[in-house]
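Trainee: I should be grateful for a close look at a single part of this structure. Please explain one helix, its partner and the surroundings in a connected way.

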Amino acid sequence: MDAENITFTVTYKGKPHDISRPLDSTVQTLKEHIREITGVEPEYQKLLYKGKLKDEHTLGESNLLPGSKVMLLATSPNQVQKIQELDQNAVSKIPFDRVLPRKVQAYKPVRTSQDDQYTFHRIEVLPQFSQQERARSLLQRLKEDLGVREIMKKYKWSVGALIELSPSERSILGYNRNKGETIAIRLRTDDLEGFRGYDMLLKVLLHELTHMVWSEHDQNFHQLDRKLNKEVVELNWTKSNGKTLSKKKFFDPDDVSYSDANPSTSRVLGGAKSDPSLSQREVMANAAMLRLTAIEKELDEGCGSGGPQK
């Protein structure tokens with residue numbers, strides 16, 4: 001009797017492909033089928049579904065279900081060569097007599113045994129790119145962020161490695177493999193000329209840490225993600241004498257990192273007018289919170305860990 005077929009979706013570069021395969025077929029044969037669709041050779045494919053799918057496993061052993069969302073990460077030899085050429089060009093633009101800025105000694109708070117237990121135990125950057133120290137310092141900053149350290153201890157999360165995601169994966173901002181084995185963050189901009197802003201990198205990291213608990217991008221996921229974002233802001237502001245709003249630590253409307261609302265407008269999402277009794281500060285803070293939903297959508301779409309909200 002023929003094995004039962006399963007229909008699922010493989011997304012590559014933002015484009016979904018509906019695929020039907022026997023449950024007893026292997027991931028390797030799936031990759032060969034994907035090659036016929038995308039032109040990407042199996043050895044350059046990485047399939048993610050609640051972690052990396054192993055070539056020797058069957059689809060049934062991989063726990064694929066009807067309607068599952070599989071993410072394809074792929075880098076062709078041509079892409080690798082192009083990125084290396086771009087990187088070499090970027091290096092060649094740096095003058096030999098360039099004066100490097102003096103390294104500022106960062107504040108190092110007292111560490112506890114829990115800081116060493118509930119943390120990111122290894123940091124890795126891409127060896128084929130320039131500015132490796134800059135990339136490493138960003139990952140180190142994320143690891144040592146006071147708010148991140150506190151939530152890692154609070155939820156008792158231990159992550160094997162925090163690594164740099166290849167910028168060739170332009171549709172992916174980050175992923176969490178096997179709920180804490182590895183978390184990858186895309187640090188560099190698409191043109192490879194610089195790095196993404198720290199605030200956005202922090203949001204991506206918190207999004208991927210949320211996958212320590214929830215796999216799918218559902219209501220439970222977003223509730224925890226919002227809670228983590230709020231806790232990190234509060235914890236960091238507590239350490240830096242942050243301003244308060246309605247007796248609570250909150251987004252600072254004067255901080256362009258969190259709010260770039262137009263002070264002249266008093267309209268909110270959907271076109272409705274805001275409450276005239278609210279102060280300008282409260283209007284701007286509400287607008288900042290509303291914009292988070294757009295950021296959440298961007299993070300969901302750029303995540304290689306979980307499926308969309310159902």
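Mentor: The account below begins with the whole chain, turns to helix 6, and then follows the loops.

The model is predicted, and its average pLDDT over the protein chain is 76, with 67% of the residues scoring at least 70. Residues 90-107 stay under 50 in pLDDT, and the model gives them two contacts beyond four places in sequence. Residues 243-273 also have a pLDDT below 50, yet this stretch has 55 contacts in the model beyond near neighbours in sequence.

The protein chain contains eight helices and 10 strands. It has 310 residues, of which 44% count as buried. Of the contacts between residues at least 6 apart in sequence, 62% join residues at least 24 apart.

Helix 6 comprises the 13 residues 198-210. Its end C-alpha atoms lie 18 Å apart, which agrees with the 18 Å that should be spanned at 1.5 Å a residue. How many of the residues of helix 6 are buried? The count is 11 of 13, and the helix is therefore described as mostly covered, given that buried means under 20% relative accessible area. The buried residues include Leu201, Leu202, Val204, Leu205, Leu206 and Leu209. Lys203, His207 and Glu208 are buried as well, as are Tyr198 and Thr210 at the two ends of the helix.

The partner to consider is helix 4, which covers residues 132-144. In general, two packed helices are described by the angle between their axes and the distance between the axes. For helix 4 and helix 6, the axes come within 11 Å and cross at roughly 60°. That angle makes helix 4 oblique to helix 6. The crossing of the two helices is right-handed. Where they meet, helix 4 contributes Leu138, Arg141 and Leu142, while helix 6 contributes Tyr198, Leu201, Leu202 and Leu205. These four residues of helix 6 are also among its buried residues. An α-helix has 3.6 residues a turn, so residues three or four places apart point the same way.

The loop before helix 4 deserves attention next. Glutamine 131 lies between strand 5 (123-124) and helix 4. Its phi is near 55°, a positive value in a residue other than glycine. Most residues other than glycine have a negative phi. Glutamine 131 has a relative accessible area of 40%, and therefore counts as partly exposed. Asparagine 63 likewise has a positive phi, near 65°. Asparagine 63 belongs to the loop between strand 3 (45-48) and strand 4 (69-74), and it counts as exposed because its relative accessibility is 55%.

Two further loop residues are buried. Threonine 119 sits in the loop between helix 3 (113-117) and strand 5, and its relative accessible area of 7% is why it counts as buried. Threonine 119 and lysine 143 are 24 residues apart in sequence, but their C-alpha atoms are 7.2 Å apart in space. Beyond its neighbours within four places in sequence, threonine 119 is in contact with Lys143, Met152, Trp157, Ser158 and Val159. Serine 166 is found in the loop between strand 6 (161-164) and strand 7 (174-177), and is buried because its relative accessible area is 18%. With neighbours within four places in sequence set aside, serine 166 is in contact with Leu126 and Arg186.

Note on methods: Residues numbered from 1 in each chain as written. Predicted model: local features only at pLDDT ≥ 70, side-chain atom pairs only at ≥ 80, totals over all residues. Heavy atoms only, no water. Expected span 1.5 Å × (residues − 1). Buried < 20%, exposed > 50% of the residue type's maximum accessible area, 1.4 Å probe, protein only. pLDDT = per-residue confidence, 0-100. Contact = heavy atoms within 4.5 Å. Axes fitted to C-alpha atoms, helices over the stretch in contact; angles between N-to-C directions. Parallel < 35°, antiparallel > 145°, perpendicular 65-115°, else oblique. Left-handed = near helix turned anticlockwise from the far one by under 90°.
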